[in-house]
Amino acid sequence: MSAAAVAQLSLSSKTSLSSKAIGAAWNWAQVAAGTAQRLDSETTLVERCLSGEQGAWEELVKAHTRRVHSICYRFTGRENEAQDLTQEVFLRVFRTLGSFRSGEGSFLVWLTRLTRNLLVDHYRRTKHERVTDAIEDKLAVLEEKTSQHSRTEGLLAGREAGELIQAALQKLSPELREAVILRDIQELEYREIARVLEVPEGTVKSRLNRGRAELARVLRRNKVTV
Amino acid sequence: MNCTEFETLLADYLDGTLGPADRAALEAHASSCNGCREFMPDVAAGLALLKRVEEVVPPSELITRIAYQAPMGRTRQPFERQGLLNKLAIKWLQPLLQPRLAMGMAMTILSFAMLERCTGAKVQQIQAADLNPVRIWSGMEDKAFRLKDRAVKYYENVRLVYEFESRLKNLEDQQDAASAKQTPQKRSAEKNQQLKNNNAGAAPDQGEKKK
């Protein structure tokens with residue numbers, strides 16, 4: 001191979017590498033810009049709330065109720081409890097919004113941390129009240145209901161599958177459950193989850209994987225094919 | 001690579017964000033470690049399950065409730081950072097300013113007032129002996145008897161008055177009846193008188209004519 005050919009090859013590989021790098025950088029910049037924009041709008045909204053602007057609180061509630069409610073529902077598995085807890089979360093937000101500092105991270109992380117802490121408190125408070133294992137009952141009922149037709153068909157219908165997964169989620173320990181909910185249902189970044197849970201990212205990932213595996217095992221143990 | 005590292009890197013592996021070198025190392029570990037080899041499909045299966053979970057939608061009235069009622073709830077001034085003195089004052093005054101407390105006070109006063117009325121025990125000089133059930137009972141009995149006596153007396157009075165009235169009415173009726181009987185007699189008497197007078201007047205005429 002001639003020297004010129006080698007030079008050309010190396011050049012072309014360089015250009016392709018650099019174009020890749022530029023593409024990646026561009027993507028990253030776009031993502032970063034998007035995140036920055038989101039952070040900015042959130043921070044402004046919080047500031048508007050703090051200044052007592054009419055309608056800002058309503059806007060904040062509308063923007064975040066779905067997320068908070070979803071976390072609460074997935075964590076507790078009960079709709080009425082989820083609604084009560086969502087209300088409680090916003091009451092706490094209302095009272096402590098002044099303590100939110102935009103420099104310490106996004107409002108989303110702050111709100112999710114607040115929700116998570118409330119859920120953990122709630123879990124500890126009600127641990128002794130949960131004498132009967134409602135999840136086992138639900139699994140049994142669902143299993144019975146689905147055993148006639150769906151077992152043979154292999155896959156369960158969407159709603160029933162969702163219910164089963166929700167029931168199985170309740171069997172996980174709260175640490176694994178919260179990791180799974182925040183990542184796989186709420187789709188937060190590992191970095192954000194680490195800040196919410198106040199643990200290192202490595203711990204988040206390991207809990208997440210253990211949670212996923214445990215979920216699959218719970219369903220398998222109950223002989224449910226989802 | 002050990003099992004802990006494997007557990008951590010598996011998340012990135014499943015996300016598809018792991019570099020080729022790490023991926024090779026992870027796969028190599030999986031092939032050599034039984035526990036991790038079994039762990040991997042479980043994690044993948046769990047992830048696949050969770051991807052099927054549908055989004056839950058909160059009822060719209062929940063949003064309305066939170067947006068409009070939460071601020072009306074326990075805190076009046078939104079987002080206000082309160083001073084220590086203000087906080088203390090609110091902490092001590094808020095329970096006192098509850099409508100429940102006011103209602104409770106009113107009920108207490110009312111029940112004391114009723115106690116005084118029913119048992120006759122003066123609240124101002126109430127003593128331990130006054131709270132003796134026997135005493136309270138006898139006091140109430142006394143009150144009840146008095147009330148009964150009063151009622152009976154009133155009834156008797158009313159009866160007396162009524163009797164008087166009815167007798168008076170009877171008398172009046174009788175008088176009326178008597179006067180009604182008298183009147184026709186009177187009228188006939190008057191007629192007779194008139195006739196007599198007429199006759200007396202006519203008679204002289206006749207007498208004159210005869211003359």
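Chain B of this predicted model is built from seven helices and zero strands. Read from the N terminus, its elements run α-α-α-α-α-α-α. Chain B has 211 residues, of which 9% count as buried. Among its contacts between residues at least 6 apart in sequence, 29% join residues at least 24 apart.

The interface with chain A comes next. Here 31 residues of chain B are in contact with 39 residues of chain A. On the chain B side, helix 1 (3-15), helix 3 (34-51) and helix 4 (60-69) each supply at least two of the residues that touch chain A. Helix 3 of chain B gives the largest share of that side, with eight residues. By residue class, the side of chain B that touches chain A divides into 20 nonpolar, four polar and seven charged residues.

On the other side of the interface, helix 3 of chain A covers residues 79-96. This helix has 18 residues and reaches 25 Å from its first C-alpha to its last, close to the 26 Å expected at 1.5 Å a residue. Its buried residues are A:Ala82, A:Leu85, A:Thr86, A:Gln87, A:Val89, A:Phe90, A:Val93 and A:Phe94. What do the buried residues of helix 3 of chain A pack against? Within chain A they pack against helix 2 and helix 4 (107-126), and from chain B they meet helix 4. Helix 4 of chain B, residues 60-69, is also one of the helices that supply at least two residues to the side of chain B touching chain A.

Helix 2 of chain A, one of the packing partners of helix 3 of chain A, spans residues 56-76 and also approaches helix 8 of chain A, residues 174-185. The axes of helix 2 and helix 8 of chain A come within 10 Å and cross at roughly 140°. An angle over 145 degrees would count as roughly antiparallel; helix 2 and helix 8 of chain A are therefore oblique to each other. The crossing of helix 2 of chain A with helix 8 of chain A is right-handed.

Which residues make this contact? From helix 2 of chain A come A:Ser70, A:Ile71, A:Arg74 and A:Phe75, and they meet A:Arg177, A:Glu178, A:Ile181 and A:Ile185 in helix 8 of chain A. The residues of this contact between helix 2 and helix 8 of chain A divide into four nonpolar, one polar and three charged.

Definitions and conventions: Residues numbered from 1 in each chain as written. Chains lettered and ligands numbered in written order. Predicted model: local features only at pLDDT ≥ 70, side-chain atom pairs only at ≥ 80, totals over all residues. Contact = placed C-beta atoms within 7 Å. Helix = DSSP H or I, 4+ residues; strand = E, 2+ residues; numbered from the N terminus. Nonpolar A, V, L, I, M, F, W, Y, C, P; charged D, E, K, R; others polar. Axes fitted to C-alpha atoms, helices over the stretch in contact; angles between N-to-C directions. Parallel < 35°, antiparallel > 145°, perpendicular 65-115°, else oblique. Left-handed = near helix turned anticlockwise from the far one by under 90°. Expected span 1.5 Å × (residues − 1). Buried ≥ 20, exposed ≤ 12 C-beta atoms within 10 Å, placed from the backbone.
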